[in-house]
Structure formats: C-alpha cells, structure tokens
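Colleague: Please take a close look at one part of this model, the place where the two chains touch. What is found there?

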Amino acid sequence: MQEKTTLLYVDDEPLNLMLFKINFKNKFNVLTAESGSDGLKVLTENDQVLVVISDMKMPGMSGIEFIKLAKKDFPNISYFILTGFDINEEIADALNERLIHKYFRKPFNMKEIEESIMEFL
Amino acid sequence: MKEKIELPKVLDYYSKSDYSTQQKARFIFYLCIAAIVGVLLLTFSSVYVQLNSSEYNKLFSPVVFSEIVLLMVFGLCIFLLIKGKYSVSTHLFMITAMACVWIVLWVHQGNNIARLDTVILIIALINLTPLFITKYKITIVFYILANLLMLIVFVFFTKDQLNLSNPTAIDFIMDTSIAIIFSGVVGYNIFRINKQSLEKVEYDYKERKKAEEALKQSELLRRNVFDSSQIPIVVMNSNTFEYIDINPAAVKAYGFSSIKASLGKTPIDVSAPVQYDGTPSSQKAVSYIDKALKDGSVTFEWLHQRPNGNFWDAEVHLLSFESNNETLLQFSLVDITERKKVERDLKESEEKYRTLMENMNDIVMMVDNNDKVLYVNKRFSEILGYSESEIIGQIGYEILTSPKDQKVIVDANNQRIKNIISQYEITLKAKNGNKLDFLVSGAPVRNSEGKIIGSIGNMIDITERKQAERALKESEVKFKELYEKSGDAILIIENGKFVECNKAAIEILEYNSKEDVLNIRPSQISPEFQIDGRNSVEKADEMMKIALKNGTHRFEWLHSKNNGEIFPAEVLLTAISNDADKKIIHAVVRDITDRKQAEKELEKHQNHLELLVKERTEELATSNEELLSTNEDLHNQREELEAVLLNLQNAQKQLVQAEKMASLGVLASGVAHEINNPLNFIKGGIFGLEQYFDENLKEHKNEVAPLIEGVNVGIERAANIVTSLNHYSRQDNSNVSECDIHSIIDNSLIMLRNQIVNNIDIKKDYTDKTYSLLANEGKLHQAMLNILSNAVQAIDDKGTINIETTISKNNIAIFISDTGCGITAENMPKILDPFFTTKEAGQGKGLGLSITYNIIKEHNGSIKIDSKVGHGTTVKITLPLNETKK
C-alpha cells in the first residue's frame with residue numbers, strides 16, 4: 001500500500017483537531033497545530049507535509065496570514081481553508097491569488113475534503 | 001316520790017292545799033284519832049282499875065272527867081281539822097297535850113322519878129311543833145317559854161314535896177330547860193329549813209311553769225301565724241321531698257281538698273310537667289332544692305299545675321333550716337300568674353309592635369339621651385345600607401351630612417319635651433356615600449316614671465321628592481330668569497287687563513314701575529289708531545279674540561310709550577286659559593323699530609347693490625381665469641411636496657430597517673461562526689462514530705444508522721440556518737450579471753411546482769418593454785422564490801396568484817399578489833424581522849422575507865407589502881434598471 005499523505009491541520013479548537021485526526025487517520029497522516037505560529041513550527045520540522053488545512057479565525061494570526069507566511073517558505077504545499085464563516089472578501093482574494101486551492105465550510109464534509117485533496121495532489 | 005297524797009275523804013278541804021300541808025293535815029288527823037283511841041283505852045282501863053281496885057272501888061270522877069274532857073278536846077281537834085282550821089286544831093291539840101302533862105305532873109302522887117320523868121313528854125311534844133305550825137314559827141318560842149315557866153314554877157312549888165335540894169332543883173331545871181330549848185330550837189330550824197326548801201322548790205316550779213307557759217304561748221302564736229298566713233307556706237322533708245306541714249293558704253293555692261290530703265305530696269304533684277324553658281319540672285326542682293341546701297335559700301319562678309289541670313305561676317322562696325338535728329326545707333309561694341300573664345301580654349304586644357316597626361315602610365330609629373342609637377328597624381338597613389351592628393351603639397349624628405342638621409334635631413327634641421310636635425328634614429349619608437333626604441317626626445321616649453330616656457323617630461325617605469323639589473325650584477328659577485331677562489316684553493293679560501309683566505316690558509314702554517303697567521288695557525299702551533287706520537281698542541279686542549280662539553296669534557302692532565312716542569312691535573299672543581270668567585293671554589311684545597328701519601335701509605341699498613354686482617361680476621370673470629391657472633400650479637406643487645414627504649417617510653422607514661439589518665448582519669456572522677464550530681464537533685464526532693461502527697461493530701450498524709441519520713439531519717438543518725444567516729453579513733456585489741426577471745420568476749415557479757396544487761391559479765402579466773437589469777441572479781432567484789413560496793403557502797385551499805411586471809422610468813416593478821389569508825395588522829411591522837414566522841415549528845425558519853429584504857436592499861431596490869386579512873397580500877418589488885445601457 002502506498003505511503004499515506006502527510007497533512008497539517010491548524011485550528012485553535014483542540015476538539016476539532018482531535019476529531020479531524022481520528023476521522024482521517026486511515027487516509028492521511030495528520031499533524032496538528034493549535035495556532036499559525038505552531039503550524040509554521042510543525043512545517044519546518046516535518047518536510048513531508050504536502051497538504052495544509054487551516055481554520056480562518058484564530059488568535060494571533062488568521063488562517064490566511066498563516067498561509068501567506070507558510071507559502072513563502074513552502075510554496076509546494078497545497079493550502080486549504082476550513083472555516084465556520086461564509087465566504088468573505090479575504091477568502092475570495094486568496095482564491096483569486098491562488099494562495100489557496102479551495103475553502104471548506106464547517107461543519108466539514110469529510111468526503112468533500114478528501115476528494116479535493118486527492119484532486120490537487 | 002309520791003305524786004299525790006291519798007287524803008282521807010274527810011280532809012277534802014285540803015285537797016287543794018300544798019303538798020306539805022296535806023301531809024301535815026293527814027298526820028294530825030291520824031294523830032288525833034290515835035290520841036282519841038289512846039285516851040279511850042286509858043279511860044276504859046282507868047275505869048276498870050277504879051272499879052276493880054280496892055283502893056277506889058268506885059269511879060274516881062276527876063280522872064274520868066278529865067279523860068272525857070280530853071276525848072272531847074281531841075274530837076274538837078278533828079272537827080276543826082276537817083273544817084280547815086288547821087292552826088287552831090293543831091295548837092288546841094298541843095296546848096291540851098301540854099296542859100295534860102303539866103296537870104299530870106302537878107297531881108301525880110307517885111315517887112319522884114316517876115313524877116319528874118313525865119317532863120320528857122313535854123320535850124316530845126315540843127319536837128312535834130314543826131308539824132303543827134304552818135305560818136308563824138315564832139309560836140315555837142312561846143311554847144318553849146311557857147313550858148320553861150311551868151317547869152320553874154313546878155319545881156319551885158314541888159321542891160319540898162319532892163325532897164329536892166336547891167342545887168338539885170336548879171340542876172333539874174337547867175337540864176330540862178336545856179332539853180326543852182334544844183328541842184325547840186331544833187324544831188324551829190327544821191320548820192324553817194323545811195319551809196324555805198319548800199318555798200324554793202315552789203318558786204323554781206313556778207318559774208319553770210311560767211317559762212313553759214310562755215313557750216307554749218309563743219308556739220301557739222307561731223302556729224297561728226303559720227295557719228292564718230295568707231302566704232302559702234309548706235315545710236318539706238329534704239330527703240323525700242314530701243310535704244310534712246302545710247298551711248291552709250298553701251292548700252288553697254295548690255287546690256287540694258284539705259291539709260290532710262296535702263301532706264305527703266311532693267313538688268311534682270303540684271308542678272306542671274315542664275317549665276317554661278322546656279326543662280322537666282322534676283329535674284329543675286331537684287336543682288333548686290340542691291341550691292337551697294347548699295346556699296341556704298333560693299328564689300325562683302315556678303309553673304304549677306292544680307289537680308284540676310289549671311296552670312298557675314308562683315314565685316317560690318325556698319330555704320333550708322335545721323330542726324331537731326334534721327334538715328328541713330320550707331318554702332313560701334307568691335302567686336304571680338297575673339304578673340306572668342301581664343308579662344306575656346306585654347311581650348306579645350311588644351312583639352307585635354316590633355313586627356309592625358320592622359315591616360314599616362319608613363325608618364324607625366330610637367336613640368338614648370346621649371344620642372347613641374338603641375334601635376333601628378330593617379328599613380333603616382335597607383335604605384341606608386348600614387347593617388344593624390354597624391349603627392347600634394353609634395352616635396346617630398355621625399351619619400349626618402351637615403352639622404347644621406344636628407342643631408335642627410336638638411331643637412326639635414327640646415320642643416318635643418314641651419309636647420310641641422314638629423317635623424324636620426335632614427340629610428343622611430348612606431353607606432355607599434349617597435346623600436338621602438328624610439322627613440323626620442319623632443317623640444321623646446319616657447320610662448315608667450315619666451323620665452325621658454331617649455327619643456324615637458320616624459323617618460320617611462323624601463330624597464326623590466326633594467330632588468323633584470330642587471329640580472322644580474331650579475327650573476322655576478330658570479324660567480323666572482328667562483322671563484325676567486328676556487329682551488322682549490312679556491305680559492299676562494287677564495280678562496283684557498295686564499296682571500303681570502317682566503322688566504323688559506317696563507323698559508320698552510318706559511314706565512317707572514310694574515304697578516304703572518298693571519291693571520291697564522293693551523289699548524291704553526297703544527296710539528288711538530293702528531297703521532291700517534283701525535281703532536286700537538277695537539282691533540286689540542279682535543286680536544285677543546283670535547288668540548283665544550286659535551291658541552296663538554302673531555301680528556304687528558303700534559304701541560305708544562309712556563311719553564307718547566309710538567313704536568312698531570311684533571306681538572305674539574298665546575291663550576293660556578279661555579274660561580268664561582278667566583281669559584288669560586300671554587303676550588310677547590318685541591320692539592321692531594330697528595328691524596323696520598333696517599328693512600327700509602335694506603331696500604335702499606338693494607337697488608344700489610344690483611348695479612354694483614353687475615360691475616363686479618364682469619371684473620370677477622376675468623380674474624377668475626387668472627386664478628384658475630395659478631391654482632393648478634399650486635396643486636401640482638402640493639402634490640410634489642406630498643410625494644417628497646411620503647418619500648422622506650419611506651426613506652426614514654427604510655433607513656431604520658436597514659440599520660436594523662446592518663447590526664443584525666454583524667451579529668449573524670458572529671453567531672454563524674460560533675455555532676459552526678460546535679456543529680463541526682458534532683459532525684466530526686458522528687462521522688467518527690459511523691466509521692467506527694463500520695469497521696468494528698458492523699452487526700450494530702442497522703440499529704445505529706437511524707440514530708446517526710437523525711443527528712446528521714439535525715446538523716444539516718442547523719448548518720442551513722447558519723448559512724442563511726450569512727446572507728445578512730454579505731455585502732458584495734460580485735457575480736453581477738444581466739438578469740431576465742421573468743425567467744427568474746418562471747424558474748422559481750418551476751421549483752415550487754410540487755407545492756402549487758391544481759386549485760391555485762397563476763396569472764402572469766409581464767411587461768413587453770425591453771430593459772436591462774444588473775443583478776446577482778442567484779440572490780434575485782432566492783428573493784423571488786421566497787416571495788412566491790409565501791404566496792403559495794398563504795393560499796389554504798383555492799386561490800389565485802397574480803404576477804405583474806411594469807417598467808417605469810428607471811425602475812422595474814414586480815407585483816406578486818395572492819388571494820390568501822393575508823397578514824394581520826398586528827403582525828405587519830414584524831414580518832421583515834428574522835425568525836418571525838406564523839408557521840408551525842419546523843415548517844419555516846422565519847428568515848425568508850428578511851433575507852429577501854436584504855437582497856433587494858443590496859440591489860438598491862425597495863419592497864412594499866400590502867395585506868388585508870382574508871383578502872390577500874400584494875408584494876411590490878422595485879429594482880433600479882441599468883441606465884447606462886438604456
């Protein structure tokens with residue numbers, strides 16, 4: 001069997017992280033971080049991460065800010081946003097600038113996420 | 001002790017003498033008999049001796065003689081004794097005996113000793129003296145002295161004969177004397193002691209007798225009082241309650257035949273079976289008897305019944321007393337049947353009067369001297385509303401409304417004491433606060449001694465009468481005022497002459513006083529001829545006749561004032577009475593000088609005016625044209641202004657709504673995010689669980705699936721609401737494109753197809769004009785769908801939905817009207833509020849119209865909803881058109 005894709009999920013809600021990890025444990029190798037800065041740390045420590053999914057609203061830096069920073073250092077990773085909000089200007093701009101591939105809505109739809117990731121890999 | 005001495009019959013005389021006398025008498029009697037028998041024996045023996053003795057051989061006469069004398073003397077003694085001469089008899093006996101002794105001493109010729117010892121007999125006799133003496137004990141002393149003297153004399157003369165020496169003689173005398181004196185003293189004292197003892201006994205006896213007598217007398221008296229008393233008295237055994245003594249008055253009261261028949265009876269035999277209070281007599285009697293035994297006495301009233309069945313009342317005074325260590329009860333009775341009857345009658349009559357008072361239509365009230373209410377009848381409570389307990393004991397003045405009335409009452413009360421009957425009116429306050437008027441008449445209440453103890457009053461409710469009076473008075477005053485203040489002269493004509501007039505009449509006619517007008521005829525205040533040349537007297541009579549005949553008559557008349565000035569007047573005559581002897585007419589005279597003058601003036605002016613009018617009409621016609629055009633301008637301006645105002649009002653309304661929505665948007669986006677996160681937990685959790693079941697517990701899958709499905713549906717629904725909320729926060733106009741509103745509407749209808757049943761008729765009236773509308777097609781679609789969905793849902797059973805579009809200037813208007821249930825006025829202001837819905841829970845979220853509003857606003861359009869309950873709703877959406885492409 002093929003090696004599982006490594007994925008980083010950033011969210012300030014530990015519960016979300018835990019559930020995400022459990023639900024995708026069979027499909028992805030899921031790493032988690034509770035903030036943008038933590039996420040950057042994880043990225044520098046793990047070079048095998050191919051996919052980053054981040055929450056939008058987090059203390060410290062927002063999801064987009066975090067992705068902007070990460071993209072500088074790791075331009076090959078595919079970035080996604082998973083948010084409780086409807087689409088807004090910031091997300092729309094990020095989409096337009098190809099900063100992120102797609103944005104998912106909370107409550108997340110496992111299938112949609114999985115399919116999208118597979119598509120962009 | 002022998003109670004009675006059996007006296008020999010011959011001594012009957014002493015049968016009534018005292019006890020000792022009787023005994024003495026009997027003793028003397030037997031002594032005398034014994035003496036006679038003794039002397040008889042002596043006589044026979046001496047006779048026998050004398051006859052047979054050799055010494056005498058014949059009768060020695062001195063001896064026999066003296067013996068016979070002795071017999072005779074003793075016989076005399078018995079005789080005297082029998083005759084009651086006790087003292088004489090005894091003394092005779094004594095003296096005789098002593099004399100005999102002394103004689104024997106003197107004549108005795110024997111030896112000395114035989115001679116001298118005879119003296120002893122004297123001593124013996126002296127010892128008898130206490131028996132003989134009845135009264136005078138001093139006689140003993142005489143006997144002693146006499147015997148001593150005889151002794152001395154005897155010794156003196158016989159000393160020699162007896163050969164006695166002097167000392168012997170003296171010695172004899174001394175001895176004998178001492179014996180005699182001693183015997184005498186002893187006898188004396190025995191007599192004295194006997195006598196005194198006797199007297200003492202006799203005294204004591206008499207005293208006792210007296211006391212006994214007195215006791216007997218008092219007992220008798222008491223008995224007499226008891227028997228003759230008119231008060232029935234009965235003595236009763238305290239244990240058996242039997243009557244043991246009863247006086248004739250009681251026998252009579254009880255109706256028994258005799259005292260004997262009454263004894264042994266008990267109270268039950270004389271009582272009614274039950275007393276007035278219903279207690280059985282036997283029970284009640286025992287309680288009273290117990291009380292009397294305990295307290296000594298008790299007084300009570302008792303209902304009795306005679307053997308013949310008649311009832312009678314008595315006051316019973318029962319008392320207990322001790323007699324011979326036995327407790328007895330005595331009671332006296334006072335017949336109070338009459339009193340009781342009077343009491344009953346009184347009570348009955350009182351009851352009657354009370355009933356009378358209670359049922360009276362007027363109020364009856366009684367107060368004491370301190371004005372405290374003692375009694376009120378039922379009517380009082382009914383009229384004034386105070387309950388009996390609320391008024392009795394209160395001061396009656398407290399329900400007066402005016403303090404003035406108190407004085408009226410006090411004065412009236414004082415008058416009544418002097419028997420001056422008066423009536424007065426007062427106003428009282430009823431409990432509910434109403435003021436009621438009363439006509440009060442009253443009288444003092446006297447007690448049996450004639451002292452005034454209060455007063456009783458009869459009050460008649462005259463509130464209505466008073467009100468009527470007041471109303472009458474008011475109307476009278478009003479009419480009087482009307483009459484007096486009338487500007488027209490008002491006069492009353494009786495049989496052709498004025499009998500009354502008002503002030504105006506005097507003023508108009510310029511008289512000084514009313515008296516000047518009265519008693520004159522109408523023609524006298526008129527010129528000689530009227531305006532038509534007729535004589536005033538004649539014409540006035542005619543006018544009055546017409547008035548009397550027709551009831552009223554109005555005409556013009558010339559009057560003359562006091563100073564002769566003539567003025568025109570309008571006269572209205574009204575017949576009041578048309579009796580043959582009392583024809584009364586009411587006349588109103590109005591001075592029409594001014595009117596007449598004005599009429600003339602008017603006529604003058606009229607001609608002038610007609611000319612003027614003609615001129616002016618022409619002028620007006622021209623100016624009118626000018627005005628008309630101005631008017632139109634003004635009208636237009638006003639319409640514009642009104643429209644502006646309406647727009648402003650709408651703008652304000654919309655501004656308020658927009659503000660509301662803006663703040664809602666901020667809120668909604670916050671809420672959306674915060675809800676989505678927990679929803680994410682749930683969804684993630686349930687997804688995880690589902691997978692877990694798939695991998696590990698496949699056999700449970702079927703049971704768990706519906707549960708998981710339920711959670712997923714819930715998440716879906718919640719997520720949809722949150723998504724809807726996001727519409728409030730979105731302000732972007734991206735995705736704007738050229739839209740065909742008609743196809744959007746048609747598409748929406750297609751989407752709603754499953755909801756549109758056959759009996760809903762959809763009529764479309766789309767505009768033909770071309771237009772360019774730039775909008776977000778998806779959102780517009782959503783807005784139309786919401787509105788149409790509402791319209792469909794408003795129609796319950798059958799109805800029509802009209803869809804019309806119009807283009808005007810720069811706008812497109814879409815009208816969507818339904819014939820559904822409509823929106824109530826109450827709900828109207830709330831329909832745009834999010835979450836407001838009249839649908840059942842779960843049927844709708846209440847966000848449709850709210851979101852629609854937001855979408856229209858985003859497109860700078862407007863939405864207007866008109867609705868009438870039961871008739872339907874019309875929604876008008878106006879959207880701006882793309883001007884550049886026009």
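Modeller: The contact between the chains comes first, and the domains of one chain follow.

This is a predicted model, in which local features need pLDDT of at least 70 and side-chain atom pairs count only at pLDDT 80 or more, while totals for chains, interfaces and linings use all residues. Residues are numbered from 1 along each chain as its sequence is written, chains are lettered from A in the order in which they are written, and side-chain values use heavy atoms, with hydrogens and water left out.

On chain A, 18 residues are in contact with 21 residues of chain B, contact meaning heavy atoms within 4.5 Å. The two chains bury about 1800 Å² between them, 52% of it on carbon and sulfur atoms; buried area is the accessible area (1.4 Å probe) that two parts lose on being put together, summed over both. In chain A, the most area is lost to chain B by A:N23, A:D86 and A:P107, together 28% of what that side buries.

Between chain A and chain B the count is 1 salt bridge, that is, a side-chain nitrogen of Lys or Arg within 4 Å of a carboxyl oxygen of Asp or Glu. A salt bridge joins the side chains of A:K57 and B:E674 (3.7 Å, N to O). The side of chain A that touches chain B divides into 7 nonpolar, 5 polar and 6 charged residues; Asp, Glu, Lys and Arg count as charged, Ala, Val, Leu, Ile, Met, Phe, Trp, Tyr, Cys and Pro as nonpolar, and the others, Gly among them, as polar.

In chain B, the domain assignment, automatic or from a database, includes domain 5 (634-731).
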